[in-house]
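Me: Please take a close look at the ligand site in this model. Which residues surround the ligand, and what is the pocket like?

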Amino acid sequence: MKTIIIYESEHHKNTKKLVDAIKRKYDIETVKVAEACSIDLGNYDVIGLASGIAFGKFYQNLEQFAQKHLPHSKKVFFLYTCGRDSGKYTASISKTASSRQCEILGSYGCPGFDTYGPFKLVGGISKGHPTQDEIDGAVRFYETHILH
Ligand SMILES: Cc1cc2nc3c(=O)[nH]c(=O)nc-3n(C[C@H](O)[C@H](O)[C@H](O)COP(=O)(O)O)c2cc1C
């Protein structure tokens with residue numbers, strides 16, 4: 001099963017920690033969204049999309065990439081980190097994937113250090129996140145939801 005994770009992790013590289021942990025343990029490819037256009041995604045069985053959250057969605061460049069380039073009828077999954085989870089952060093990207101007849105295998109989200117806007121004034125929120133346990137949780141998610 002050939003897997004690639006396309007990611008954007010620009011704020012504090014929180015999400016990249018989840019992606020890197022999975023890559024360290026499993027034989028997958030990872031690529032930043034800015035470099036993903038040149039890749040033929042048709043060659044992969046499973047496509048992961050991973051991102052920090054901005055304004056209630058995956059980062060805009062990842063949302064737009066999925067709208068333009070996500071192949072039809074693939075197995076997909078989502079990873080994200082966020083300041084404070086609303087439980088709805090995958091709604092938009094899920095809608096895009098479903099509109100392309102993709103099968104959504106699952107999603108994993110956890111807190112990530114957030115110093116955006118007013119949070120900067122108080123030293124940020126979700127300090128120290130993702131923790132090692134949360135990073136391990138992403139690997140466990142990959143094992144249980146994607147591999148099996
Ligand atoms: C411009 C901007 C907007 C954000 N909006 C949200 C948001 O709507 N909800 C939330 O929980 N976190 C929000 N965050 C916090 C990030 O999602 C969080 O810090 C995340 O872990 C960043 O991931 P990254 O380091 O991989 O980029 C925002 C951060 C930035 C920079």
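Reply: What follows covers the ligand, its pocket and some unusual backbone spots.

This is a predicted model, in which local features need pLDDT of at least 70, side-chain atom pairs count only at pLDDT 80 or more, and totals for chains, interfaces and linings use all residues. Residues are numbered from 1 along each chain as its sequence is written, and side-chain values use heavy atoms, with hydrogens and water left out.

Start with the shell. There are 22 residues around the ligand; a residue counts as near if one of its heavy atoms lies within 4 Å. Ser9, Thr15, Ile53, Tyr59 and Thr81 come nearest. By class, the shell holds eight nonpolar, 10 polar and four charged residues. Here Ala, Val, Leu, Ile, Met, Phe, Trp, Tyr, Cys and Pro count as nonpolar, Asp, Glu, Lys and Arg as charged, and the others, Gly among them, as polar.

Now the polar contacts, meaning pairs of N or O atoms within 3.5 Å; within protein, one must be able to donate a hydrogen and the other to accept it, and residues adjacent in sequence count only if both atoms are side-chain atoms. Thr15 brings a polar side-chain atom to 2.6 Å from a ligand oxygen. Glu10 uses a polar backbone atom, 3.1 Å from an oxygen of the ligand. Ile53 also offers a polar backbone atom, at 2.5 Å from a ligand oxygen. Taken alone, the ligand exposes 650 Å², and the protein buries 89% of that. These areas come from the Shrake-Rupley method with a 1.4 Å probe; for residues, only the protein chains shown count as cover.

Which elements build the shell? Helix 1 (14-25), strand 3 (46-54) and strand 5 (75-82) each give two or more residues. Strand 3 gives the most, with three. Helices (H or I, at least four residues) and strands (E, at least two) are DSSP runs, numbered from the N terminus.

The ligand sits in the largest pocket, as more than half of its atoms lie within 2 Å of the pocket's grid points. A pocket is an open set of points on a 1 Å grid over the protein atoms alone, where a 1.4 Å probe fits, with protein on both sides within 12 Å along at least five of seven lines; lining residues have an atom within 4 Å of a point. About 440 Å³ of space lies in this pocket. Its lining has 24 residues, with His11, Ile53, Ala54, Asp114 and Tyr116 nearest the centre. The lining divides into 10 nonpolar, 10 polar and four charged residues. Strand 3 supplies the largest share, three residues.

Last, the backbone. Most residues other than glycine have a negative phi, and most peptide bonds are trans. Lys13, in the loop between strand 1 (3-8) and helix 1, has a positive phi of about 60°. A cis peptide bond joins His129 and Pro130.

Technical notes. Grid points are joined across faces, edges and corners, and a volume is the space filled by probe spheres set on the points.
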